[in-house]
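Student: I'd love a close look at one part of this model, followed outward into whatever surrounds it. Please take me through it step by step.

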Amino acid sequence: MPRLDNTPAKTGWKRWIVPGTAAVVLVVLLGVFFALQPAGTPADADLAIADDAPMETVLIPGGTFTMGSETGAEDEKPTHEVSVKPFRLGKTEVTNGQFAAFVKATGYLTTAENKPDARKYPTADPALLVPGSAVYVPVDAPLRGPWETLNPPWWKFVPGANWRHPEGPGSSIQDRKDYPVVHIAWDDAVAFCMWAKKRLPTEAEWEFAARGGLIRQKHCWGVCKQGEDGKWYANTFQGRFPLEDTGADGFVGLAPVGKFPVNGYGLHDISGNVWEWCRDYYDSTYYGRSPKDNPNGPDVGEGDPFSAQPLRVRRGGSYMCDDNYCGRYVPSARDQNPADSGASHTGFRVASDE
Ligand SMILES: [Ca+2]
């Protein structure tokens, strides 16, 4: 159940109730309609982009590094030494094509495609307890409020938005095979990994890999800012957030994976494009007590105040990261979201033991 919007209830659902007879006729007609359809239904057409090729991963050498940042947000402190074993990490974020292969093989329905269980959200507006997800919508709004809504107004809960329909009903992935899959909840990412015989990276593994062998540098590529030297290293947001993305880096919104240079370990889009789930629970104070060797995160995470769902770590920033508001496309920056909530900027990449 996305927590990112408190859109007022829509017009009462009772107005959609039609007289009983008409409803019966409608059901019969729909049954005849679908019975006469050829084998490929619209839903199956999404799966035609299934990419069954083996997922490309790169070997991340083990090592010791300084995790966190003394100049970043409070949850990035204190910096501390961490050692990780060698492991493998997806060269790119998981794509729509790769996720389609998973759904084609398993019939899996993502969290956003299922109706939320009202018992888990006793205080939620019933109008929002429908399948859907949070979608970024450009809007002219102050960056830090005041807002009419509880959450930033550029987030809209859209019924029917899910990985197949990234902007909601009417949008499609059929020409986005190589784009990162989005609207993925943590549970969905884990389900994919189990099917693919992979796992999510730990937060420490992710940061070690993102730094690409660089030592205490701000960005995954070094110290210079995006575009400063005439080069664009990641898909982020240029222009006036949250209204206008100029796409100076070559892409307005999401980009297909692999369009920006690799970092020192050969990873595309480890900065920007979509937030990537990590395995760990999120605890803002964890760095103060993290073990040095192969930390797995806290045993229990902080809870989301909106839904009482546990928070899981996301890393890497997204196409919505703008230096004036969200500079969190840097390797030290931490983010979190309820485990049951994806959004139009949230995906993942896979990891595995060496
Ligand atoms: Ca961009």
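Student: In which order do the three strands of the open sheet stand, and is their pairing parallel or antiparallel?

Tutor: Happy to. This is a predicted model, in which local features need pLDDT of at least 70 and side-chain atom pairs count only at pLDDT 80 or more, while totals for chains, interfaces and linings use all residues. Residues are numbered from 1 along each chain as its sequence is written.

Your three strands are ordered S1-S4-S13, and their pairing is antiparallel. Strands here are DSSP runs of E with at least two residues, helices are runs of H or I with at least four, and numbering starts at the N terminus; two strands pair if DSSP finds at least two bridges between them. Strand S1 (57-60) and strand S13 (351-353) are the edge strands, each with a single partner, so one side of each has no neighbour in the sheet. On average, neighbouring strands of this sheet are turned by 25° against each other, direction ignored (axes are lines fitted to C-alpha atoms, for helices over the stretch in contact, and angles run from 0 to 180 degrees between N-to-C directions). Strand S4 (residues 87-90) is linked to S13 by three bridges, the two running antiparallel, and Phe 87 has Asp 353 of S13 as its bridge partner.

From S13 we can step to Leu 200, whose contacts include Ala 351. Contact means C-beta atoms, placed from the backbone, within 7 Å. Leaving out residues up to four places away in sequence, Leu 200 also touches Ala 189, Val 190, Cys 193, Trp 277, Cys 278, Arg 279 and Phe 348. Leu 200 is among the residues with the most contacts inside the largest nonpolar core, which has 71 residues; Phe 99, Ile 184, Ala 189 and Ala 209 are the others named. Such a core is a set of buried Ala, Val, Leu, Ile, Met, Phe, Trp, Tyr and Cys residues joined through C-beta atoms within 7 Å. Buried means 20 or more other C-beta atoms within 10 Å of the residue's own, exposed 12 or fewer, and partly exposed in between, with C-beta atoms placed from the backbone.

Phe 99 takes us to a helix pair. Helix H3 (residues 96-106) packs on helix H4 (residues 186-196) at about 75°, with the axes 10 Å apart. That makes H3 roughly perpendicular to H4 (65 to 115 degrees; under 35 counts as roughly parallel, over 145 as roughly antiparallel and the rest as oblique). H3 contributes Phe 99, Phe 102, Ala 105 and Thr 106 to the contact, and H4 contributes Phe 192, Trp 195 and Ala 196. By class, this contact has six nonpolar residues, one polar and no charged ones; Ala, Val, Leu, Ile, Met, Phe, Trp, Tyr, Cys and Pro count as nonpolar, Asp, Glu, Lys and Arg as charged, and the others, Gly among them, as polar.

Now follow the chain past H4. Lys 197 lies in the loop between H4 and H5 and has a positive phi of about 60° although it is not a glycine. With 8 other C-beta atoms within 10 Å, Lys 197 is exposed. Helix H5 (residues 203-211) makes a nice contrast: nine of its nine residues are buried, so H5 is largely enclosed by the rest of the structure. Among these buried residues are Glu 203, Trp 206, Phe 208 and Arg 211. Gly 212, just after H5, also takes a positive phi of about 60°.

Back at Leu 200, its contact Trp 277 leads to another sheet, since strand S9 covers residues 275-281. This open sheet has four strands in the order S11-S10-S9-S12, with mixed pairing. Strand S11 (334-338) and strand S12 (346-347) stand at its edges, each with a single partner strand, so one side of each lacks a neighbour in the sheet. S9 runs antiparallel to strand S10 (residues 311-315), with three bridges between them; Glu 276 is bridged to Arg 315 of S10. In the loop between S9 and S10 sits Asn 294, a residue other than glycine with a positive phi near 45°. Asn 294 is partly exposed, with 14 other C-beta atoms within 10 Å.

Note on methods
Contact = placed C-beta atoms within 7 Å.
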